[in-house]
Amino acid sequence: MEYENAIELRHVTKRFGSVVANSDISLTVRKGEILSILGENGSGKTTLMNMLSGIYSPDEGSILIRGKEAVIRSPKDSFALGIGMIHQHFKLIPVLSAAENIILGLPGAQRLNMALLTQEIGALAETYGFELNPAQKIYNMSVSQKQTVEIVKVLYRGAEVLILDEPTAVLTPQETQKLFDVLRNMKRAGKSIIIITHKLREVLELSDRVAVLRKGAYIGTVETAEASASSLTEMMVGERISLDICRDEPQTPEKRIEMRGVTCRDKEGVAVLKDVSFTAYGGEILGIAGIAGSGQKELLESIAGLQETENGEILYFSPEGTVEKLSGMKSSEISNLHISLAFVPEDRLGMGLVGSMDLTDNMMLRSYQESRGFFADRKKPRKLAMDIVEQLAVATPGVDTPVRRLSGGNVQKVLLGREIASNPTVLLVAYPVRGLDINSSYTIYHLLNEQKKKGVAVICVGEDLDVLLELCDRIMVLAGGKVTGTADARTITKEEVGLMMSDSGRRALGHG
Amino acid sequence: MAEETTQTAGGPFFRVVKRSGISTPRAWLIRLAAVCCGLIVCALIIVAITKQNPLSVYAGIIDGAVGTNRRLWVTIRESLVLLIIAVGLTPAFKMRFWNIGAEGQVLMGGMAAAALMIYLGNTMPNWLLLMLILLASMAAGMIWGLMPAVFKACYGTNETLFTLMLNYVAIQIVNFCIVFWENPSGSNTVGIINSSTSKGWLPELFGLTYGWNVVIVMAVTLLMYIYMKHSKQGYEISVVGESQNTAKYVGINIKKVIIRTMMISGAICGLAGAIIVSGGSHTISTSTGGGRGFTAIIVAWMSKFNPLVMLLVSAFLVFMQKGAIQIASQYGLNENASDIITGILLFFLIGSEFFINYKLELRGTKRGTK
């Protein structure tokens, strides 16, 4: 039977309680094309794809696979229909080899002929140009190799349609290129590929068509050849916005934080920071780049007094000219010295804020110890909460709403707002725009730039290299807990940074 | 062939949907409905077992709980005991410290009260003795709460097992003391302490036998409410309970908070022991706690730590218990019948919380929102 559309969705709606995650969505995926599903966080991309992979079932509407109406009740049904999804978080068993993971759960003979299977899998990988050693154990693999295993697993099961959820989030620029090459090979072999993403550049580079979602609604599908970054942004956000980040030259940089040969170990005794040295200056933004888990978290936490350091020292140079040794101090001791150090951690609701508490009580976290006496002062924090809501345009029913109920962007505004309110001299931020929509992201960049202008030393850990290169003055790259380079963000290229944070660089330094 | 199919394609027959919010009267309506359902199920069981008219059985429950002035006051006294233990547990549970050792803390408090009544009964004026009793029982409960807290804070031991095991230690210590205190000798019970002099007994207040019980318990409840809601320490407890990471991030000394909070929690449970011994039974036995240390956990959680609701819940539970004891004797059922009735009602009440947070939606139900 001839068919043109591998998948057709007709009027699909999915609700969670009163929240409409997908509203009346109709779209098609052609045979042998790469379709990007583009949308901001919370626009319903993943929910839509989860209905194809059988994790959710639609409330209304129908799904047609190869022209025939299908009911997908479970991931098993989805596999049977030739749909395979590669999730953001890999579902692999570390102690097994790649081949063992790939055949896991498939029907087969009583006696496994591993040699034959390995050969089969190797041949399959070669067809599409994957670099894969089927006998390698998962725990010995890098993130991109694990992703390869996930993709081959789906292909081995005979998938005709592959869905990839944010596949490049964990990859270096070089690894991303490699992934794109095999995806193009797969397209040539007649597979349909759906990529969920919010990165515009990748959409433009890779896909044939782009389907855009906004707030659960389907906006439209365009041919990539006819689209541009600004036209896609407009579809995604619903209004025209400027994508430039202003970057002023640092004014009279002054030394604020100096780290000298710091090493940290985690609970298992593995070194997570190895002999790290750097200097951060007031009035500049220092970007920290690296693959997730390269020691960024420990770097910031050791400055904030939340991570014990093994050797080396961290020095703070106050604007008045005194020098304090921060290493070996706890966070409470640092604030007792009136060193104004603000820290916006990666885990906003689990560390920076208390999700179940309202805005006022979250403002109190930093200030309640200042007031004298037995009782807690809620008047000042309440005032501060109201000021932040007004100045940063936080969308909330009121200052008595638990912060957990706010959207990601508003949570970040509340957290950053509180930290900035203490007039810091050093501002540490980790992944400040993760999970935020474009408008909120630009508000945050603007706030960081404002702090820089005020002479604050901003240290910013980020994941999107394009943004780091536009926002920061200098970039330091971490790989496997070591500093692999520091460079001027105005002149270095993305590819150069990618090389510094790459797997080979990391392995050369003796990590995995 | 290409029909426009807009109805649901497959999927389960009904699904559970989280409510985004519910009005207070509606929530109470659901709880009321749950109690009614519970009473109906109880009635069916009563009819099946005893062939009695369930209405007269329910009348028996009311009669048993508040039928006479004396019964009413016993019900009030017991409710107050349950309330103060639940209040004592509140800070620990708010801190996510699973203190299931209230039983032992109450028992140690009661034992300290009994010891002072026996050994110091005739050496000092009653008011001074009573002050000492209250302080000593608080100290005893505090020590019993302090031990698991120190081990949790310093070595990360599991507080659930630790507090549970300390209950049995407390029971054995009381068993040991009864050997010295038994009266009359050979009875293996302590009997009513100071029955002729009433030394160490909480006196009448405003002509009410249990006047002091009311005053002490209400004062402690009010103070705890203020402490949790308006003090800095109460705020620290919430932060530590909600997220230890956040507590560490803002520089709260988590060990100190755990130890301090459990001292308070244990002390109030110990005070409850003094109220049971000095203000009620005037004796001590291994069953002085009477399982109330555990029942109070249900009270605290069902009331979501709201003191006013706690008062209602403990009154309800005691009401059912006392009433059930009455019908057990009246209709020749054994005492476990009361537990069955209370159990069924609790099942429905706790189950109703599910319907307050979630609702069921049938397949194909469409709502007006577009």
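Tutor: Buried means under 20% relative accessible area, exposed over 50%, and partly exposed in between, with a 1.4 Å probe and protein chains only. This is a predicted model, where local features need pLDDT of at least 70, side-chain atom pairs count only at pLDDT 80 or more, and totals for chains, interfaces and linings use all residues. Residues are numbered from 1 along each chain as written, chains are lettered from A and ligands numbered from 1 in written order, and side-chain values use heavy atoms, without hydrogens or water.

Student: Why does A:Lys215 count as exposed?

Tutor: Its relative accessibility is 73%. The cut-off is over 50%, so A:Lys215 is exposed. A:Lys215 sits in the loop between strand E9 (209-214) and strand E10 (217-223) of chain A. Strands (E, at least two residues) and helices (H or I, at least four) are DSSP runs, numbered from the N terminus.

Student: What makes the phi of A:Lys215 worth a remark?

Tutor: Phi is positive, about 50°, and A:Lys215 is not a glycine. Most residues other than glycine have a negative phi.

Student: Where is A:Asp24 found, and why is A:Asp24 called partly exposed?

Tutor: A:Asp24 belongs to strand E2 (residues 19-30) of chain A. Its relative accessibility is 44%, in between the two cut-offs, so partly exposed is the right term. A:Asp24 is not a glycine, yet its phi is positive, near 50°.

Student: How do you know that A:Leu469 is buried?

Tutor: Its value is 13%, under the 20% limit, so A:Leu469 is buried. A:Leu469 lies in helix H16 (residues 465-471) of chain A. Its C-alpha is 34 Å from that of A:Ala21, 448 residues away along the chain.

Student: Which domains does chain A have?

Tutor: The assignment gives domain 1 (5-237), domain 2 (253-340 + 425-512) and domain 3 (349-422). The bounds come from an automatic or database domain assignment. The C-alpha centres of domains 1 and 3 of chain A are 39 Å apart.

Student: On to chain B. What does it hold?

Tutor: Chain B has 13 helices and 2 strands. Its C-alpha atoms fill a box of roughly 100 × 65 × 35 Å along the principal axes. Of its 370 residues, 48% count as buried.

Student: Why are H12(B) and H13(B) called roughly antiparallel?

Tutor: Helix H12 (residues 307-330) and helix H13 (residues 336-357) of chain B pack at about 150°, with axes 8 Å apart. Over 145 degrees counts as roughly antiparallel, so H12(B) and H13(B) qualify. Axes are lines fitted to C-alpha atoms, for helices over the stretch in contact, and angles run from 0 to 180 degrees between N-to-C directions.

Student: And what makes H8(B) and H10(B) roughly perpendicular?

Tutor: The axes of helix H8 (residues 232-242) and helix H10 (residues 254-281) of chain B come within 10 Å and cross at roughly 110°. The range is 65 to 115 degrees, so the helices are roughly perpendicular.

Student: How many aromatic pairs are there, and why is the pair of B:Trp73 and B:Tyr210 called tilted?

Tutor: There are 17 over all chains. The centres of B:Trp73 and B:Tyr210 are 6.4 Å apart, with planes at 45°. Rings of Phe, Tyr and Trp (its six-membered ring) pair if their centres lie within 6.5 Å; planes under 30 degrees apart are stacked, over 60 edge-to-face, and the rest tilted. This pair is therefore tilted.

Student: What parts does this pair tie together?

Tutor: B:Trp73 is in helix H3 (residues 69-94), while B:Tyr210 is in the loop between helix H6 (159-181) and helix H7 (211-230), so the pair ties together parts of chain B 137 residues apart in sequence. B:Trp73 is partly exposed at 21%, and B:Tyr210 is buried at 11%.

Student: What makes the pair of B:Trp301 and B:Phe305 edge-to-face?

Tutor: The planes are at 65°, which is over 60, and the centres are 5.0 Å apart. B:Trp301 is partly exposed at 40%; B:Phe305 is buried at 15%. Both belong to one aromatic cluster with B:Phe93 and B:Trp98.

Student: How do you know that the charged end of A:Arg366 sits over the ring of B:Tyr249?

Tutor: The term needs NZ of Lys or CZ of Arg within 6 Å of the ring centre and within 35 degrees of the ring normal. A:Arg366 is 4.6 Å from the centre of the B:Tyr249 ring. B:Arg31 sits over the ring of B:Trp28, also 4.6 Å from its centre.

Note on methods: Angles under 35 degrees count as roughly parallel, over 145 as roughly antiparallel, 65 to 115 as roughly perpendicular and the rest as oblique.
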